[in-house]
Amino acid sequence: MLWIRNGIVVDPKNKINAEKMDIFIKNGKIVEENEVKKEECKVIDASGKLVVAGGVDMHAHIAGSKINTGRTMRPEEMRVVRNIAGKFRATVGRVLLTAPAIGYEYAKMGYTTSFEAAQPPIGALHTHEELDAIPMIDKAALPVFGNWHLVFKCIEEKNMEKLKALVAWAIERSKGFGVKVVNPGGVEAWMYGGNVKSLDDQVPGFNVTPREIITWLIKANEELGLPHSVHLHCNNLGVPGNYQTTIESIKLAKGFSNAKRQVLHVTHVQFNAYAGSSWRDAGSGAAEIAKVVNSMDNVTIDMGQPIFGHATAMTGDAPFQFSLHKLIGARWSNKDTEVETGAGIVPIGYLPNNPVHALQWAIGLELGLLVDSNKVALTTDYPNGGPFTEYPYVMAMLMSKKMREGELSKVNAYVQKATGLASIDVEKTLYEVIHMTRSLPAKILGLENKGHLGIGADADIAIYNLNPLETDTSKEFEKVYKMFKSAEYTIKGGEIIVKGGELVKEVYGRTFWVDATKKADIQAVMPDIREYFNYYSVQLGNYGVEERWIKKPARIEVV
Amino acid sequence: MAVVIKPKKFFEVCVEAELTPELALRSVDEVKKFKVYYGNKVVELGELFEVAKQGDEKKLILDGDFSRVKWIGARMVDGEIVVKGSVGANCGAFMRGGKITIEGNADDWLGIEMAGGEIIVKGNAGNLVGCAYYGDAVGMTAGKIVIEGNAGNYVGEKMNGGEIVIKGNAGDFIGTEMRAGVIEIHGSCGFVGGDMRGGEIRIKGSFELLPTFKKTEKGWVGDVNVKGEGVIKTF
Ligand SMILES: [Zn+2]
């Protein structure tokens with residue numbers, strides 16, 4: 001039992017804005033005051049300190065084939081020693097962290113949940129082995145569907161029952177959480193060295209288009225009633241002029257609705273928000289995208305904010321990764337290119353004086369500032385845009401125009417004419433930024449007990465040495481940044497895991513997975529699955545992950 | 001004020017010690033307190049080595065078998081190191097100036113990413129002489145390495161300046177991805193110049209030429225696979 005006394009609570013889901021209150025914890029949950037015996041409680045004095053829910057990262061690449069290949073490809077990343085073995089495990093990594101480092105660094109920053117955003121279903125066992133090696137946080141993985149031959153077949157046959165059965169079966173087999181779609185159709189075209197360029201291009205070898213893939217998967221997702229919506233990485237990622245494809249894709253959500261959440265989440269939109277016709281005349285399409293997102297009530301996005309410094313591009317978008325490799329000349333690895341999906345990995349670095357990088361940096365911020373705080377979550381698409389450990393930088397930037405002006409003076413002047421960042425006066429409030437990093441991502445993912453401090457919520461809590469009643473987030477951005485980098489306390493499932501910015505206890509979080517098999521007739525698709533397994537490198541009986549193989553599985557049944 | 005350092009014992013596991021001539025400016029007691037890694041433990045140099053003073057130059061004399069001591073001379077900028085025996089891996093890594101003389105053999109990673117100064121090996125050297133460290137884009141950029149015996153594979157990988165002279169033979173993959181600088185081999189070697197973009201490799205003995213080099217007046221030029229203009233020639 002834990003009693004957090006006199007903290008200044010910011011809890012947007014429960015509409016609490018900087019109120020002094022106490023929080024009580026029992027059995028890993030937040031409970032009413034009368035449910036604890038105060039004399040048995042361990043007391044944390046949070047006077048004058050900010051108390052919020054643990055951070056929720058809804059889109060990062062923290063486990064599975066891509067980050068592991070990135071680690072193999074980039075030995076230079078492993079020279080940064082973060083922790084020497086002792087009470088905690090040895091960890092290394094500059095941006096590409098080793099598995100335990102991922103858990104430790106999230107915890108030190110007050111984050112307690114992170115989702116692996118692209119899992120090739122055939123590689124699910126590897127993903128879960130790695131997720132199991134990440135301490136401190138709760139986690140889950142999103143299997144990819146947008147380029148799977150079987151998905152194309154169901155759509156070609158216009159057979160929604162079969163598609164639903166496939167989605168439910170695959171999420172159960174891969175112990176996944178939802179439906180990720182990466183460059184729908186484009187990765188299949190990559191198998192022949194190509195890509196798709198518009199929502200209406202035909203996918204080679206199949207009578208389907210990206211438009212159909214997205215809408216059919218949204219429909220399947222909504223009919224199954226999954227906690228999370230379709231999670232889309234748009235076509236034409238990284239291509240100047242792509243903001244129009246992004247807007248077209250966003251509009252595909254029209255005609256669908258869900259009382260609890262969005263029906264389409266468009267991810268790392270920064271990489272899909274470029275105007276212009278080449279990198280020589282590229283500009284920002286952020287304002288147009290923001291206008292469309294703000295006008296719709298069933299779409300959310302996340303930023304994909306680049307951070308200056310080292311990063312590694314790793315996406316299921318295999319053709320994009322190849323173009324990036326050709327563009328910048330860096331190392332490249334092609335991965336997972338089989339009947340289900342594809343992927344690539346390319347080391348990159350974002351330099352402030354590089355006009356393209358500065359443009360990307362500015363566009364990420366424009367999206368964060370111009371889109372309603374209830375519709376844009378904070379991400380760096382780790383490690384594509386840079387380290388998640390710099391979320392506090394993004395938080396501070398969103399809250400302070402003065403900080404942005406200082407940073408703008410250090411980057412390539414191209415951003416002044418190619419984006420509207422300099423003229424944006426918006427300063428998000430602390431309440432909004434807490435929402436964008438906690439309650440909003442939890443709501444987008446459909447995690448009812450995450451991202452807030454209401455009764456019944458998971459006792460995942462961060463306490464920062466920052467008094468919101470006495471801090472001017474616009475002027476004191478340096479302090480804001482520093483405080484969010486290092487939590488005074490991080491509490492995971494009711495246990496104190498970080499104190500004074502230092503790890504004090506290692507715990508293992510749960511792995512959420514969604515079971516929607518009762519919502520579909522799985523047998524409807526089994527003959528097709530059996531037939532397709534003639535072309536797989538594993539037998540159907542060896543495919544997938546059993547729940548008992550996962551360290552701490554948490555099944556969410558959809559009924 | 002040269003400092004003489006002598007191993008006290010046989011090292012069960014490798015020692016990692018960035019010993020540079022700067023140590024000669026310190027007192028014997030200070031040198032003994034210098035922190036080194038012995039396996040995964042940080043220990044004081046004095047626990048593993050005897051330390052004495054001799055003469056008055058900015059010079060380290062490493063007296064004995066240092067073949068299990070890594071990173072000797074790493075990042076040194078001036079002064080001199082003389083090793084009376086053999087040295088372990090990464091000797092002279094990232095060095096920018098000064099001179100290292102090794103009377104015995106050198107292990108792998110000799111003079112990696114060296115940007116100045118001189119290394120002389122009286123015996124043999126291992127693999128990866130003057131190359132880029134794991135994952136880095138550029139190897140040796142300046143300075144000179146002379147090996148009087150033989151060297152291993154991957155000599156001068158990603159080299160972008162400076163000179164490597166091998167009086168004996170060398171292994172395979174010499175000057176792979178080389179951009180500038182000179183490698184001179186007085187004996188024979190295996191495959192040479194894969195993905196070479198620039199620089200020169202001179203070989204006295206026999207060697208294996210890749211089919212991606214074309215014969216010109218200057219010698220064999222390539223690697224044409226990467227539109228390279230490196231030159232391989234005999235002397
Ligand atoms: Zn991503």
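**From the first hairpins to the zinc site**

Strand β1 (residues 2-11) of chain A is joined by eight bridges to strand β2 (residues 16-26) of chain A, and the two run antiparallel. Keep in mind as you look around that this is a predicted model. To find the register, pick out I8(A): its bridge partner in β2(A) is K20(A). Four residues sit between the strands of this hairpin, and K15(A) takes a positive phi near 55° there.

Carry on along β2(A) and you get to another hairpin, this time with strand β3 (residues 29-31) of chain A, held by three bridges and again antiparallel. Here F24(A) stands opposite V31(A) in β3(A). Two residues lie between β2(A) and β3(A), and N27(A) in that turn has a positive phi of about 50°.

Now for the metal. The zinc ion is coordinated by NE2 of H59(A), NE2 of H61(A) and OD of D381(A), at 2.0 to 2.1 Å. Along the chain, those donors follow the spacing H-x1-H-x319-D. H61(A) is in the loop between β6 (55-60) and α1 (65-73) of chain A, while D381(A) is in the loop between β20 (376-377) and α12 (391-399) of chain A, so this pair ties together parts 320 residues apart in sequence. H61(A) counts as buried because its relative accessibility is 3%, under the 20% cut-off. D381(A), at 1%, counts as buried too.

Last, a helix pair. Helix α8 (residues 243-251) and helix α9 (residues 286-295) of chain A pack at an angle of about 5°, with axes 10 Å apart, so they are roughly parallel to each other. Y243(A), T246(A), I247(A), I250(A) and K251(A) in α8(A) meet E288(A), I289(A), V292(A) and V293(A) in α9(A). By class, that contact has six nonpolar, one polar and two charged residues.

Terms used: Residues numbered from 1 in each chain as written. Chains lettered and ligands numbered in written order. Predicted model: local features only at pLDDT ≥ 70, side-chain atom pairs only at ≥ 80, totals over all residues. Heavy atoms only, no water. Donors = N, O, S within 2.8 Å, 3.2 Å for Na, K, Ca; no water. Buried < 20%, exposed > 50% of the residue type's maximum accessible area, 1.4 Å probe, protein only. Axes fitted to C-alpha atoms, helices over the stretch in contact; angles between N-to-C directions. Parallel < 35°, antiparallel > 145°, perpendicular 65-115°, else oblique. Contact = heavy atoms within 4.5 Å. Nonpolar A, V, L, I, M, F, W, Y, C, P; charged D, E, K, R; others polar. Pairing = 2+ DSSP bridges.
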